[in-house]
Structures are given as structure tokens and as C-alpha cells.
Amino acid sequence: MTVTTRRQFLGSLGALAGAFMLPAVARASDAYPQRPIELIVPFAAGGGTDVLARALAEAARPQVGQDLIVLNRAGASGAVGWTELANAKPDGYKVGIITVELTMIPHMGMTKINSDAVIPVARLNADPATIAVRADSPFQTIEDLIEAARKEPDAITVGNAGPGSLGHLAAAALQDKAGVQFNHAPYRGANPAVLDLLGGHIQAVAVTPVEVANYVAAGKIRPLAIMADKRIGAGWENVPTLQERGIDLLIGGWRGLAVPRGTPDAVVQKLREAMATTLQDPALRKTMAELNMGEGYLDQADFQAVIERDNAVFKALVDKLGIKA
């Protein structure tokens, strides 16, 4: 065989191998997922993030083609669950819910895990922070609560979902704006804080609307104000914004889906497509509306931009208020 002929032969062989490999790669991509997917929720069961995750898992099953099994991994304001997610095999079979706290707690020294450890897939929703009390509380307005804290520093205990949580920073920012001092009570998730509020063990909670929506609808909890630029609906039409009360403070959170860094692009793309369709599911949208869970779907690029923005915003806030773990 001449050199030219050999080169032609090897070239043909390479092309033939490539022809066989491409369908194989395509088949591998098309086959995902071949088994159930674990969905890490970094907070306790019953809270807003858990509620959304379970509703999402149900609605996404037809789009994904497999069950999404919710795993609650509460602790350290989300860091326990996000550490597990970041360290998982990047094959698409362990995904997780990330929340705005991922842009907060690293700046407080609570964890070495930050948003760079994961790949955002899509933002699922967005919510403002709210301050709420029991329905029989003597505090009828946000001014009442602030005035009580002004008269007796640390006498008003405000529960939150944990150190460095959205509620923690929201309440800390409010006390900074109002010139008062709250007693901050961290819990392992928002639901335990809300239950302690109902039990009369604390005076208020700083959470998101979804985490108290059922109790508000039942007449057991009264929201005093939300930290948004406009009022929200679904039974909260009479709840003022802080801006309406002369307090210029806007703080909100979000929840999104993410995968470990290194997950193949084809897998990420499949999950992106599945989330885009799932977030239009009528049953899921109804559930979110009933719970006053703000819509806020964003695809990967826009979600990444929000993460980068919030990293900068909350780093500045943590530094200003001197909040450390």
C-alpha cells in the first residue's frame, strides 16, 4: 500500500469511526434521564422552598420523563444542601434548588460554597420579604412593631429561616433603616419559625409571603408590610409596602434550579427546556398563585445575571451591617 493510499484509507477509517461515534453521543444525550433524579431542597420540609420543590417535581415529571425525588438537606442556611449539590457527580442525576441565600452566606463566612460551585439552570420564582405577626398581636402596623423595638431594644424577637437567610438580612436591614434593635431568632428553615410564631414564642417573623400564605388565608397570621416596590395580590392587597410607610427598603428573594459545576451541556439544555415548559403548567401556576408565590421564571443567562447582581448587593449589605456567622 502506497503512502497516499494508506493516508486515504486512514482518513476513510477516521470518518467512518466519527460517523459511528456521533450517533452514539446523540443517543447518550437523548437517553438522559434513564432513572429518577434526586432534587436537593436545602431547607426543612414545609417551608416555601420545599412547597415549591414538591409542586415542581410533580409538574416536571412529564417533561423530564422521570420522577424527581425531593431530598430535604436542611442546615447552615442552605449550606449543607448546597455543599452536597456542589460535590455531587455532575451527571444530571442530582440537582438542587438554590435560593438567594447562596449570594448572602458566603459573605458572612458561613460557608466556602458559593454560586460559582454550581451551574444555574433557570430561576423558578421571585418573592419580596415580609414582616408578619400573629393575628392577635397587639402590633397592628409596622410602625407599632418598630415603636415597640425603639422603646425596648431586643424585646421584639423576629424569627427567620437561619443565620444569613433572606429573612435575617431583611430584618437586619429594617432595623438599620429604622434605627432600632431586634432580637433575631434563627431556625432551621422558615416553617419552624412560623410555628413558633403561632405558638406565641416569638413576636414576628421575617420570611416570604409563601411561607405564611396558608396561615394568612386562615386568619392566623397578619403581614404588616412587604419589602417590594408595589403591593401583591391573592389576599394581600391591603398589605402595604415599606416604601408606602416611608421606609425606603427593597429586599426580595428567588428560588432556582441548579446542577453541579461540570454537568454536560446537553444535560443542562434538557433541564432548561424542561423547566421552561414546566413553569407554564396550569396546575403548577395555580398552586403558586394560591400560595402567593411570585412568578419570576428566567432562563439560564438572565438568571446568571441576577445571581451576579445579588452577590454584589448582598456583599455590600453584609459589610455595611457587619453581619458575621
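The exercises below, each with a worked solution, concern a predicted model.

**Exercise 1. The six-stranded sheet**

Find the order of the strands in the sheet that holds S1 and S3, and state which strands stand at its edges.

Solution. Strands of a sheet pair through backbone hydrogen bonds, either parallel or antiparallel. Start with the order: the 6 strands run S2-S1-S3-S10-S4-S11, and they form an open sheet. The pairing is mixed. Next, look at the two ends of that order. Strand S2 (68-72) and strand S11 (295-298) each have a single partner strand, so one side of each is left without a neighbour in the sheet. Last, from one strand to the next the twist averages 25°.

Now take one pair from inside this sheet. Strand S1 (residues 37-41) and strand S3 (residues 94-99) run parallel and are joined by 3 bridges. Within this pair, Ile-40 stands opposite Gly-96 in S3.

**Exercise 2. A helix on the sheet**

Name the strands that helix H10 lies across, and give its angle to S4.

Solution. Helix H10 covers residues 300-321. The strands in question are S3, strand S4 (118-128), strand S10 (252-260) and S11. The angle between H10 and S4 is about 70°.

**Exercise 3. The five-stranded sheet**

Repeat the analysis for the sheet that contains S6 and S8, then place the helices H4 and H5 on its strands.

Solution. Here 5 strands form an open sheet in the order S7-S6-S8-S5-S9, again with mixed pairing. Strand S7 (183-186) and strand S9 (221-226) are the edge strands, and each pairs on one side only. Ignoring direction, neighbouring strands are turned by 30° against each other on average.

For a pair inside the sheet, take strand S6 (residues 157-160) and strand S8 (residues 204-207): they run parallel, and 2 bridges join them. Gly-159 has Val-205 in S8 as its bridge partner.

Then place the helices. Helix H4 (residues 142-151) lies across strand S5 (130-134), S8 and S9, and runs at about 85° to S9. Helix H5 touches S5, S6, S7 and S8, and its direction makes about 175° with that of S7.

**Exercise 4. Three helix pairs**

Describe how H2 packs with H9, how H2 packs with H8, and how H5 packs with H10.

Solution. Two packed helices are described by the angle between their axes and the distance between the axes.

*H2 with H9.* Helix H2 (residues 48-64) and helix H9 (residues 282-290) pack at an angle of about 165°, and their axes are 9 Å apart. Angles over 145 degrees count as roughly antiparallel, and H2 and H9 are therefore roughly antiparallel to each other. Their crossing is right-handed. H2 supplies Leu-52, Ala-55, Leu-56 and Ala-59 to the contact, while H9 supplies Leu-284, Thr-287 and Met-288. Sorted by class, this gives 6 nonpolar residues, 1 polar residue and no charged ones.

*H2 with H8.* The angle between H2 and helix H8 (residues 265-278) is about 120°, with the axes 9 Å apart. That makes H2 oblique to H8. The crossing is right-handed. On the H2 side, Leu-56, Ala-59, Ala-60, Gln-63 and Val-64 take part, and they meet Ala-274, Met-275, Thr-277 and Thr-278 in H8. The classes are 6 nonpolar, 3 polar and no charged residues.

*H5 with H10.* Helix H5 (residues 166-178) and H10 pack at about 55°, their axes 11 Å apart. H5 and H10 are therefore oblique to each other. The crossing is left-handed. Leu-169, Ala-172, Ala-173 and Asp-176 of H5 make the contact with Phe-314, Leu-317, Val-318, Lys-320 and Leu-321 of H10. By class there are 7 nonpolar, no polar and 2 charged residues.

**Exercise 5. A salt bridge**

State what joins the side chains of Arg-35 and Asp-91, and locate both residues in the chain.

Solution. Side chains of opposite charge can pair when their charged atoms come close. The side chains of Arg-35 and Asp-91 meet in a salt bridge, with 3.7 Å from N to O. Arg-35 is in the loop between helix H1 (3-31) and S1, and Asp-91 is in the loop between helix H3 (79-87) and S3. The two residues are 56 residues apart, so the pair links distant parts of the chain. The whole structure has 18 salt bridges.

**Exercise 6. Backbone details in two loops**

Describe the peptide bond before Pro-33 and the phi angle of Ala-76, and place both residues.

Solution. The bond from Tyr-32 to Pro-33 is cis, with omega near -5°. Pro-33 lies in the loop between H1 and S1. Ala-76 has phi near 55°, a positive value in a residue other than glycine. Ala-76 is found in the loop between S2 and H3.

Conventions: Residues numbered from 1 in each chain as written. Predicted model: local features only at pLDDT ≥ 70, side-chain atom pairs only at ≥ 80, totals over all residues. Heavy atoms only, no water. Pairing = 2+ DSSP bridges. Helix = DSSP H or I, 4+ residues; strand = E, 2+ residues; numbered from the N terminus. Axes fitted to C-alpha atoms, helices over the stretch in contact; angles between N-to-C directions. Contact = heavy atoms within 4.5 Å. Parallel < 35°, antiparallel > 145°, perpendicular 65-115°, else oblique. Left-handed = near helix turned anticlockwise from the far one by under 90°. Nonpolar A, V, L, I, M, F, W, Y, C, P; charged D, E, K, R; others polar. Salt bridge = Lys/Arg side-chain N within 4 Å of Asp/Glu carboxyl O.
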